[in-house]
Amino acid sequence: MSETQERTGSLADLKNVADAIVTAPEAPVYEVKRDAQGRSYATGRRKDAVARVWIKPGKGDITVNGRPVGTYFARPVLRMLLTQPFLVTDRYNQFDVVCTVVGGGLSGQAGAVRHGISRALTHYEPSLRGVLKAAGFLTRDSREVERKKYGRAKARRSFQFSKR
């Protein structure tokens with residue numbers, strides 16, 4: 001074999017590589033999922049909180065457990081969490097959100113609603129998936145509270161040592 005043939009490989013090897021590129025699997029195509037009323041549904045989770053979220057075209061009203069978002073999530077930081085998916089996708093005040101949340105505390109519930117809104121947006125408009133995925137809104141934050149162990153004051157903290 002000549003030196004140039006060793007460097008470039010044989011013609012058959014190149015043909016196999018070309019065939020592999022041509023037959024490579026395509027990226028998955030996501031379909032639009034809407035119900036009869038034109039709403040998209042998704043479930044969001046964070047810590048112990050679970051949110052069921054429906055979005056539909058509207059003027060930007062967000063209702064959580066039958067109450068406006070301003071009264072349910074009083075802290076501005078929690079309200080900001082809910083609007084992040086809309087701001088990232090340039091869809092602010094274009095969708096009405098109705099959701100029910102159970103379990104956990106307010107911070108976990110806000111995270112669950114954000115996760116649900118992001119997933120519902122991808123069901124309504126699959127082209128937004130890349131933007132939401134890059135922002136990290138489609139990933140479920142799996143951090144949970146560690147359980148308390150026997151012989152410990154808390155999950156890891158020992159009881160206070162006493163010399164006498």
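## Helix 4: length and shape

The expected span of a helix is 1.5 Å times one less than its number of residues. Helix 4 can be checked against that rule in this predicted model. Helix 4 has 13 residues. From its first C-alpha to its last, the helix reaches 18 Å, close to the 18 Å expected.

Helix 4 does have a kink. The kink is about 40 degrees and lies at L82. The proline P85 follows shortly after. Beyond the helix comes D90, whose phi is positive, near 60 degrees.

## The chain around it

The protein chain has 6 helices and 5 strands. Starting at the N terminus, the elements run α-α-β-β-β-β-α-α-β-α-α.

The chain has 164 residues, and 29% of them are buried. Now take the contacts between residues at least 6 apart in sequence. Of these, 68% join residues at least 24 apart.

## What helix 4 buries

The buried residues in helix 4 are L78, L81, L82, T83, P85 and F86. L82, where the kink lies, is thus on the buried list, and so is P85.

What do the buried residues of helix 4 pack against? Their partners are strand 3 (62-64), helix 3 (69-72), strand 5 (95-102), helix 5 and helix 6 (129-135).

## Helix 4 against helix 5

Helix 4 spans residues 76-88, and helix 5 spans residues 106-124. Their axes come within 9 Å and cross at roughly 10 degrees. Angles under 35 degrees count as roughly parallel, so helix 4 is roughly parallel to helix 5.

Which residues make the contact? Helix 4 supplies L78, L81, L82, Q84, P85 and F86. Helix 5 supplies L106, S107, A110, G111, V113, R114, I117, S118 and L121. By class, the contact has 10 nonpolar, 4 polar and 1 charged residues.

## S118, a serine in the contact

S118 sits in helix 5 and is part of the contact with helix 4. Is S118 buried or exposed? Its relative accessibility is 0%, so S118 counts as buried. The cut-off for buried is under 20%.

Leave out residues up to four places away in sequence, and S118 touches P85, L132, F137 and L138. Of these, P85 belongs to the helix 4 side of the contact. L132 falls within helix 6 (129-135), an element that the buried residues of helix 4 also pack against.

How values were computed. Residues numbered from 1 in each chain as written. Predicted model: local features only at pLDDT ≥ 70, side-chain atom pairs only at ≥ 80, totals over all residues. Heavy atoms only, no water. Axes fitted to C-alpha atoms, helices over the stretch in contact; angles between N-to-C directions. Helix = DSSP H or I, 4+ residues; strand = E, 2+ residues; numbered from the N terminus. Parallel < 35°, antiparallel > 145°, perpendicular 65-115°, else oblique. Contact = heavy atoms within 4.5 Å. Nonpolar A, V, L, I, M, F, W, Y, C, P; charged D, E, K, R; others polar. Bend = angle between axes of the 7 residues up to and from the residue. Buried < 20%, exposed > 50% of the residue type's maximum accessible area, 1.4 Å probe, protein only.
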